[in-house]
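Visitor: I would like a close look at one part of this model, set against the whole chain. Please keep to what can be computed from the atoms.

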Amino acid sequence: MRLILTLPFLAAPALASFRDFGIPASSATVDVKAFNVASFTLNNLTHVFVKPVLPGQETITLPIFAFLLEHKPTKRRFMFDLGIRNDPENLPPTFAGLFKSKTITLGKFKDITQLLVDGGIALKSIKAIFWSHGHFDHIGDMKKWPKKRKIVVSSQTDTSIFPDNKNSDFQASDFAGHKLIKADFSRSNLTISGMRALDQFGDGSFYLLDAPGHFGGHVIGLARTTPTSFIILGADTLHHAGALRPGGAFQANIPCPGELVESARSAISTDFFWSPRTGPGRFDIASRTEPLLALSDTPDSFFVDPTAAQLSVSKLAALDADKDFLTLVTHDGSITSALPTFPASLADWQKQGLKEKLAWLFLDGKNPSFLFQPKGRAKREAHTHHPNEDVSKEDD
Ligand SMILES: [Zn+2]
């Protein structure tokens, strides 16, 4: 007779079901296709997103993703964010100035309307557009769209326009001829991973989640891609995967690949990062149980409420640590070259092993978004002395 031993310490970590996060069961799904609309470089601005910022890492280049979604039961199409317009000089002056002064640099690119049309998607087939929040790199240029689009924003979004509101990203042309719909979370009695949720189509295929902190009315999209798996459109809850991973549950469920564990030992500077089994000059990622980066809380931080933003990150991280949820944030530079984009569908991301492929890329020293080692300066020659040297002796 064979003895079957159950060794609790070897048992796989318990995987939560979507129900444990408060998501009702449903078989209605949406298809998700990603566009990388543009990349912009924010000069000397890494510190407005994350901390710590290591020497030589002060400037950051970020992609701007936008998402085409198709509601499978009705074939209706909608967008989650639109990316940035390709004539930033026509933004309200405060924001146009960022490009004029080269604080932000942006090359030439086709905007989302051109990308869709070139891809054979008629703009008039897209009835509704969700804006995660009212920043210029998410709202596109609505005057290029056929009239009567439904624009959905959180009711907490300040929709006042420039010049009435000098700080607004919005102009009259962003709304003219369209229908503005305000998603009101105060009417919601559904909570998903601690975030107030609104079921947008009434069938559990797509939710908006209230995720405050980055900007007034900031929301996350939660797309059900199969009855039991989901894509989180994390928008600007955070801007670098290192501000999300690796929490302890994430480590247990999606372990760091062995070769990355090895390369991270020397790639990650132990002058700035630590974990229980780290030693000087030898970082141990496997024993790290919190994200490597924190959100910026400098006076010029891109988070209007860093404390609320950090809480939103924690709620998102609980979903992100689960194998049934793939997180895509708008500006995750670590996945720029690895994320399959339009016309590829992301609906079978789980079958493709996409989560395992993408989740740890931010930790690869060769990834352009790697932020964990000082860069661009010759390593300062350390002043060393022989271990037995008598340092009390004065120099000659
Ligand atoms: Zn953004």
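Visitor: Among contacts in the protein between residues at least 6 apart in sequence, what percentage join residues at least 24 apart? After that, please go through strand β3 and its partners.

Guide: The share is 69%, where a contact means heavy atoms within 4.5 Å. This is a predicted model, in which local features need pLDDT of at least 70 and side-chain atom pairs count only at pLDDT 80 or more, while totals for chains, interfaces and linings use all residues. Residues are numbered from 1 along each chain as its sequence is written, and side-chain values use heavy atoms, with hydrogens and water left out.

The protein has seven helices and 15 strands; these are DSSP runs numbered from the N terminus, with helices being H or I of at least four residues and strands E of at least two. Its radius of gyration is 23 Å, close to the 21 Å from the globule rule for 396 residues, so the protein is as compact as a globular protein of that length. That radius is taken over C-alpha atoms, and the rule is 2.2 Å times the number of residues to the power 0.38. Of the 396 residues, 51% are buried, meaning under 20% relative accessible area (1.4 Å probe, protein chains only; exposed is over 50%, partly exposed in between).

Now to the strand itself. β3 covers residues 60–71, and 11 of its 12 residues are buried. Strand β1 (residues 30–42) runs antiparallel to β3, joined by 12 bridges; two strands count as paired if DSSP finds at least two bridges between them. Within that pairing, D31 has E70 of β3 as its bridge partner. β3 also pairs with strand β4 (residues 76–80), again in the antiparallel sense, over five bridges. Here E70 is matched with R77 of β4. E70 therefore has a bridge partner in β1, namely D31, and one in β4, namely R77. β3 and β4 form a hairpin with four residues between the strands, and K75 in this hairpin takes a positive phi near 65°.

Another mostly covered strand is β12 (residues 219–226), with seven of its eight residues buried. Strand β11 (residues 206–210) pairs antiparallel with β12 over five bridges, and L209 is matched with I220. Five bridges also join β12 to the antiparallel strand β13 (residues 229–235), with G221 opposite L233. The hairpin of β12 and β13 has two residues between its strands.
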